[in-house]
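Reader: I am new to this structure and would like some help reading it. Could you walk me through it, one feature at a time?

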Amino acid sequence: SFTGGGGSYIGGTGLGAGSFGIYASGGAGTGAVAGRSFDAALNVGDEFSIELGHTTIQGGGEVGISLFSGANYRFNMKSQGGDWMLNDGGGDFTTGLTYSPNTPVTFRFTRGAAANGYSVVIIQGANTYNGLNYTGTSGTMDISRVDLYSNAQGGGENFGFNNLQVNAVPEPASGALLGLGLMIFAALRRR
């Protein structure tokens with residue numbers, strides 16, 4: 001969805017050519033949100049990852065991603081030009097990674113064993129933030145949708161993304177069936 005001077009395109013972003021980009025040029029009151037629902041909610045151990053790229057962030061502007069369980073907000077990573085900040089239902093807390101224009105960011109979110117547990121890894125250039133075994137206060141981390149947004153930006157300032165992936169961890173029963181199938185195949189092959 002777009003407000004004011006917001007929009008989307010495929011082309012050059014902070015990730016380079018050929019990525020999907022959103023922009024909110026025009027300052028205050030402008031915005032762009034691109035959302036994507038997953039085929040299924042994250043199970044324990046499943047990982048969501050995405051590559052992000054951004055040019056510059058205008059004073060008062062903000063870029064970020066929000067994760068949802070159905071329609072319910074669960075997690076946010078954002079920058080307003082300073083550090084990348086996280087929020088899992090309480091107040092914002094810093095990653096210590098300072099926003100760096102035109103430097104690709106890899107974001108990985110893994111659902112933890114506890115209902116509201118998660119881990120997050122953010123890689124920006126040569127710097128890495130490892131937030132392991134966090135407990136969110138916003139509810140169960142069965143993430144099923146991501147929204148990427150750009151608000152109150154100026155001309156030429158954009159937020160790009162590529163390679164959105166959900167990596168599911170096989171259920172133990174699936175692994176057991178695979179193992180059984182391999183044993184049967186090996187037994188038949190010996191005959």
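Author: Happily! Let us start with a single pair: in this predicted model, E47 has N167 in β14 as its bridge partner.

Reader: Which strand joins β14 there, and by how many bridges?

Author: The general idea is that strands of a sheet pair through backbone hydrogen bonds, in either a parallel or an antiparallel way. Here, strand β5 (residues 47-54) is joined to β14 by seven bridges, and the two run antiparallel. Another pair you can look for is E51, whose bridge partner in β14 is N162.

Reader: What lies beside β5 apart from β14?

Author: That is strand β10 (residues 105-111), which pairs with β5 over six bridges in the antiparallel sense. Look for F48, which stands opposite F109 in β10.

Reader: Is β5 enclosed or open to the outside?

Author: Six of its eight residues are buried, so β5 is largely enclosed by the rest of the structure.

Reader: How do I follow the sheet on the other side of β14?

Author: Go to β3, which is joined to strand β14 (residues 158-167) by four antiparallel bridges. F20 stands opposite F161 in β14. From there, strand β3 (residues 16-24) is linked to strand β2 (residues 6-13) by seven bridges, again running antiparallel. Y9 has G21 in β3 as its bridge partner. With two residues between them, β2 and β3 form a hairpin.

Reader: In what order do the strands of the sheet come?

Author: Seven strands make an open sheet, in the order β2-β3-β14-β5-β10-β11-β12, with antiparallel pairing. β2 and β12 (127-135) are at the edges with a single partner strand each, so one side of each has no neighbour in the sheet. From one strand to the next, the twist averages 25°.

Reader: How should I look for a core?

Author: The general idea is that nonpolar side chains tend to be buried together in soluble globular proteins. In this case the largest nonpolar core has 31 residues, and L52, M77, F107 and F109 touch the most other members. Leaving out residues up to four places away in sequence, F109 touches a list that includes L42, F48, L67, F75, M141 and I143. So you meet F48 twice: F48 is touched by F109 and also stands opposite F109 in the strand pairing.

Reader: Could you show me a residue outside β5 and β10 too?

Author: Try M85, which is found in strand β8 (residues 83-87).

Reader: Is M85 buried or exposed?

Author: M85 falls in between: its relative accessibility is 22%, so M85 counts as partly exposed. Not counting residues up to four places away in sequence, M85 touches N76, M77, K78, D92, F93 and T94. M77 is also one of the residues touching the most other members of the largest core.

Reader: What does the whole protein look like in numbers?

Author: The secondary structure comes to one helix and 14 strands. Of the 191 residues, 42% count as buried. The accessible surface is about 9,200 Å², and 54% of that belongs to carbon and sulfur atoms.

Reader: Where is confidence lowest, and where is it highest?

Author: As a general guide, predicted coordinates should not be read in detail where pLDDT is low. The mean pLDDT of this protein is 89, with 89% of its residues at 70 or more. Confidence is lowest in helix α1 (residues 172-190), with a mean of 58, and highest in β10, at 98.

Note on methods
Residues are numbered from 1 along each chain as its sequence is written. This is a predicted model: local features need pLDDT of at least 70, side-chain atom pairs count only at pLDDT 80 or more; totals for chains, interfaces and linings use all residues. Side-chain values use heavy atoms; hydrogens and water are left out. Two strands pair if DSSP finds at least two bridges between them. A nonpolar core is a set of buried Ala, Val, Leu, Ile, Met, Phe, Trp, Tyr and Cys residues joined through side-chain atoms within 4.5 Å. Buried means under 20% relative accessible area, exposed over 50%, partly exposed in between (1.4 Å probe, protein chains only). Contact means heavy atoms within 4.5 Å. Accessible areas come from the Shrake-Rupley method with a 1.4 Å probe; for residues, only the protein chains shown count as cover. Axes are lines fitted to C-alpha atoms, for helices over the stretch in contact, and angles run from 0 to 180 degrees between N-to-C directions. pLDDT is the predictor's confidence in each residue, from 0 to 100.
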